[in-house]
Every structure is written in C-alpha cells, then in structure tokens.
Amino acid sequence: MEKNEKETMEKNETITVTTDHEPAINYRGWKAMPFIIGNETFEKLGAIGTLANLLIYLTTVFHLKSITAATMINVFNGTANFGTLVGAFLSDTYFGRYKTLGFATVASFGGLLAIQLTAAIPVLHPHCCAEKGNGECKGPTAGQLAFLLTGLGLMIVGAGGVRPCNLAFGVDQFNPKTESGKRGIDSFFNWYFFTFTFAQMVSLTLIVYIQSNVSWAIGLGIPAILMLIACVVYFVGSKIYVKVKANGSPMTSVAQVIVVAINKRKLKPVEQPRLSLFMYIPPKSINNKLPYTDQFRFLDKAAIVTPQDQINPDGSPADPWRLCSMQQVEEVKCLFRVLPIWVSQIIYCVTLVQLHTYAVFQAVQSDRRLGNSNFKIPAATYVVFMMLSLTFFIPVYDRIIVPFLRRIRGKEGGITILQRVGIGIFLSIITMLVSGMVEEHRRTIALTKPIVGVAPRKGAISSMSASWLIPQFTLGGLTEAFASIGLVEFYYKQFPENMKSIGGSLFYCGLAGSSYFSSLLILVVHRTTNGAATGNWLSEDLNKGRLDYFYYMIVGLGVLNLGYFLLCSRWYRYKGNSDTLELELEVNGEKKQSDKPLV
C-alpha cells in the first residue's frame, strides 16, 4: 500500500510547471530524495561524529583545562549557529541554496579532515603525558592550536551554509501546489528529523566508542570519510535537482521599513491606518496578505504617503527607500513580535548547553562501568539518553497526548505553540534542579566513600554509578520535545513566507546566543568564586568545586526567564487573518470570544 502510494506520488511529482515569464520547473519529488536524504545522513554522521566527543578530545589529547575546553566549545557552537544568518542571507541574495549547500558541504569536509590530521600526525598535537604523576601536561603550541582552529573555522563555514539551506532545499524538490507535493513535503520533514536522530544515535555510541577506546585518528577519520561520501552523493544528483535561484533577501525590505520609519518619525500618526496607509503587494509576492495590527505603531509612519512620495503607474512606490507599503510594515512587525520570545530561548538553551558540556564532565568522574564488567561507557555517550527520550516521546505526544487534548480543548494542536514552549521551559528548570541534586550526591560520595579510580588531570572518580545521570538527560530530551520543537514550529509559522529561511536561522541564532551567554556565565562564576570560602565552583576537579551551586544558579535564571516568557506570551499576537486574534474560550460550557492572546 505504501509502495503504491509513493509510486503515485513520484508520478505526480515528475511534472513540469510553467509560467508566462519563467522557465519550466521540473519537480522530480521523491526521485531526488535518495541523493538529498543520503547527503543529509552522511553529512550529519560526519559533523556530529566529530562534535559529539570534541570536548573530551580537547581535554585528553590537546590537554586543555575543562573550563577552557567548555568555553571553546561554546564559542564554536555560538559562532557556527550565528553563521546560519549569514548563510541564509548569502543563499537568498546571491548564490541560491544549491551552490550554498555544495560549497558548505565541501568546507565541512575540509574542516573534518583538518581535525582528523591533528590526531593522526603526532606533530600536530601535544605529546602524551603520564596518567600518573603530579606534573602538568604540556598544552598545545601556537601552531598546533592554529591548525585545530583552522579545522573548526572550516566547520563553522560549513554549518553556516548547511543548516539554513538543507531543509529548504529538500522542500524545493516538491511541487507545493499539488496534494502529492504537500504530502511529500510532510514526509520529507519526518525523514529529515529521522536522519538527524539516527546520526546522533550512531555518533554518540559507535563513533564515540571508537574515538575513546580504539583510536582518535580512526575515530575522527570515520566522520571525515562520511562527509566525503556526503559530498559525492550530493553532486551526483545535481542534474535532477530543482535549483531555485536567489531572488533577493527579505532583510532588504526590513531595512527599508526601518530606514523610512526613522526618516518619517516626525509625521503625525494617521487616524485610520487601515484605510490611510499605503497599500501595495507585488504581483509575484509569495506572501499572504497580512491584516493591520496596532502593535509597533511607530513603524506605520513608513507607509504614510507624503506629497514628496511618488508612485509608479502600476501602484508601486517609485523609491522604496522613501515609501513602504502596509504589507511590508506588517511583515517587519511579525519579526519584531517574535524577538522577545527569541530572547527567552537564549536563557532556556543554557540548560541544553550544560547537558553537552559539564554534564559530560560529571560522567567522567562517575563510575561508568557496565554492571560488574570492566567495560566503561564513554562519558559523551550518556547524551544519547536525551535523544532516546526525545525519540520515544514524540510519537506518544503526537499520537496520544495531542488527540486527547484536542478532544478536551477543541484546539487543532491540543495546546498553542507558546504553551508548548512554556512547558518545555518549565521542564528545563526541573532538569537543572535534578542535575544539581545528582551532582551534590556524586560529590558527597566521592569525598566520603572509597573511590573507584582517578580521572587523568581531573580527580577522584566517585563510586556513584553514572546511571544516576540518566534522569537529567531524559528530562533534557523532554525539554527539547516541548520547547525546541515548539520554537522551530513557532518561527516557521509566525514569519512571512519569504522569511522562512530567516526564521530557521533565528532558532540557530538563539542557540548561538545561549552558547555565548553560557561562556560568559562560566567566566564570571570562575573569576568570582576563585578564592572564595566555598572554593571555585567550576574547579578542574569537580570534587573540589561546587558544580551543583552553578546548576542551582541556572535554576534561578530559569525561573526569572519563565516569568519573562509568560509576560511576552500574554502580550504576543499570533499571525492571523483578522485585526485581533479571536480565540475561543469555554466558560461554563459556553463559547465566548476574546481578543486577548493566550500563551
């Protein structure tokens, strides 16, 4: 049945669409998917296979201190995620998604190859130091660090091009105006997130094990080879791809509205903006018509027609840097309304950053033996429990929880998008609270009971089983299932159609801001507590530090952030087709209308 349906979709998708002024578009649909999904799979296996265990590589091979390695990882992740905004701009404005993806994939391969060479060639990394002894291990030379940073820099370039374009490029292969095309797009989303989860599973288990227990050179060589395969698979399918040309960045329109609003700031507001503001929608615009909203009214002045403004015969402004349409203004308002929510994402994601950095250090100084055997689970592998939690919960949420809530509340999604995000932010607070309690327990056992070994350059390994860390990783997965996925959906649905790539980049920019903010927190806490009565909270040896206090501090920030998010959500107005959002509320069994947005 599924096979026949896919064959029907392929036949329907392999069609040619023509317009009066544009060349024919030959949508190949699923026939292009083996190349695109294959490229996605190998690209993610390559990138995640290296990044998943990079923290341990920096501390064990390059002999960097924990705080230095964590800061470097945070800065790398932040820069790579901010780079998506640049990649989206270049793709939309100059190169198109096909060229941007091709260049970025090759750049990623170059970065992975450079990092692999730092492990394979002895002169490119510091000499090994004895595991026992009190002497300090010699860190990397300037040349060794420069070569490593070159590899990371190429990976940043690759991530900046791949992340904002890969999902959109896959969607480009389907005809969005046909039912089969719409079903194909939905199915592609499922395959996309499946490959992402699959890549993380394999990377956090098999590849991490090879890196930690067999050889770093081999373990880092495998991701480089996989990325090379991704390049080959991508370019092999070049002849059948739909290659959408760059048609200008929507940020130009955003800049025009802001500049014109500033230039016209002294004008008096019009009394009936719905009727008085300049209206014009280009014939080829892909955006739906947006209604007027009374938020950010200072932007309305960009659409006030003055005697100096000239209008072309077709109704368009003669100078778009002197007069903008109400449609342009409302599109910018969509962006401005989302930004306060985006700020709350930065604080929320600090929890996720800790689960990929200091939670791994917790595992390093915990008993990672599997049962009574001598087999040790690699410290970075415990992050896989986040993926398992996320993977198992999504079907439960989609098939059981949402239908149940839909029957009770009468809403299509069961709850609103921002309510889903709010639940995720609340769970992130619980995640950090549990993390602090587990760390306090781990440290107490390490200081009061016999230890099971010594971690090189760190300290005593607590006899507490690392399985105690599973609850915090599991909660982290649930947090992502609610908040992260909710935010992606929120950005995608609340941005105008021509800003979808910007919306996708905004999520990564939130991750970037969180990485930088986490680095700032680490720096401030490290300098503030160094020499204090309680000792340095973020000591190289966690047993001498108070990582639990650091986690509790993040809990406090999370509580403040949740309050801020609730206020922003109360104020927020969803993009809709009316001046006010008419949300149905059931009070005493009767339906009433409310013009106030709900979380």
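The second largest cavity in this predicted model has a volume of about 60 Å³. A search of the whole structure finds 2 cavities of 30 Å³ or more. Three helices, namely H10 (326-356), H13 (417-448) and H16 (547-571), each contribute at least two residues to the lining of the second largest cavity. The lining residues are Ile 347, Tyr 348, Thr 351, Ile 425, Ser 428, Ile 429, Met 432, Ile 554, Val 555, Gly 558 and Asn 561. Sorted by class, this lining comprises 7 nonpolar and 4 polar residues, and no charged residues.

Among these lining residues is Met 432, which is placed in helix H13. Met 432 has a relative accessible area of 1% and is therefore buried, the cut-off for that class being under 20%. When residues up to four places away in sequence are not counted, Met 432 touches Thr 351, Gln 354, Tyr 551, Ile 554 and Val 555. Of these partners, Thr 351, Ile 554 and Val 555 also appear in the lining of the second largest cavity. A further relation links Met 432 to Gln 472: the two residues are 40 positions apart along the chain, and their C-alpha atoms are separated by 7.5 Å.

Helix H16, one of the contributors to the lining of the second largest cavity, also contains Arg 570. Arg 570 has a relative accessible area of 49% and so counts as partly exposed, since a residue is classed as exposed over 50%. The C-alpha atom of Arg 570 is separated by 9.6 Å from that of Leu 418, although the two positions lie 152 residues apart in chain numbering.

The wider setting may now be considered. The protein chain has 16 helices and 6 strands. Of its 599 residues, 53% are buried. Among contacts in the chain with a separation of 6 or more, 78% are between residues 24 or more positions apart. The chain exposes about 28100 Å², of which carbon and sulfur atoms supply 63%.

Helix H2 (residues 33-51) offers an example of burial on the scale of a whole element. In this helix, 15 of the 19 residues are buried, so H2 is largely enclosed by the rest of the structure. From its first C-alpha to its last, H2 reaches 26 Å, close to the 27 Å expected at 1.5 Å a residue. One residue of H2, Gly 49, is 7.3 Å from Leu 204, C-alpha to C-alpha, while the two are 155 residues apart in sequence. Leu 204 belongs to helix H6 (residues 179-214) and is buried, with a relative accessible area of 5%. Leaving aside neighbours within four places in sequence, Leu 204 is in contact with Ala 52, Ala 380, Thr 381, Val 383, Val 384 and Met 387.

A further set of relations involves Ser 66 and Thr 357. Ser 66 is found in helix H4, and its relative accessibility of 4% classes it as buried. Apart from neighbours within four places in sequence, Ser 66 is in contact with Thr 59, Phe 361, Lys 458 and Glu 540. Thr 357 is situated in the loop between H10 and helix H11 (358-364). Despite its place in a loop, Thr 357 is buried, with a relative accessible area of 2%. Ser 66 and Thr 357 are 291 residues apart in sequence, and the distance between their C-alpha atoms is 9.2 Å. With neighbours within four places in sequence again set aside, Thr 357 is in contact with Leu 55 and Asn 74.

Two residues deserve attention for their backbone geometry. His 63 has a positive phi of about 55° although it is not a glycine, and it is found in the loop between helix H3 (54-60) and helix H4 (66-120). Phe 296, likewise not a glycine, has a positive phi of about 50° and is placed in the loop between helix H9 (273-276) and H10. How do these two loop residues stand with respect to accessibility, buried or partly exposed? His 63 is buried, with a relative accessible area of 8%, whereas Phe 296, at 22% relative accessibility, counts as partly exposed.

Methods: Residues are numbered from 1 along each chain as its sequence is written. This is a predicted model: local features need pLDDT of at least 70, side-chain atom pairs count only at pLDDT 80 or more; totals for chains, interfaces and linings use all residues. Side-chain values use heavy atoms; hydrogens and water are left out. Helices (H or I, at least four residues) and strands (E, at least two) are DSSP runs, numbered from the N terminus. The expected span of a helix is 1.5 Å times one less than its number of residues. Buried means under 20% relative accessible area, exposed over 50%, partly exposed in between (1.4 Å probe, protein chains only). On a 1 Å grid over the protein atoms alone, a cavity is a set of points where a 1.4 Å probe fits but cannot get out, and a pocket is an open set with protein on both sides within 12 Å along at least five of seven lines; lining residues have an atom within 4 Å of a point. Grid points are joined across faces, edges and corners, and a volume is the space filled by probe spheres set on the points. Ala, Val, Leu, Ile, Met, Phe, Trp, Tyr, Cys and Pro count as nonpolar, Asp, Glu, Lys and Arg as charged, and the others, Gly among them, as polar. Contact means heavy atoms within 4.5 Å. Accessible areas come from the Shrake-Rupley method with a 1.4 Å probe; for residues, only the protein chains shown count as cover.
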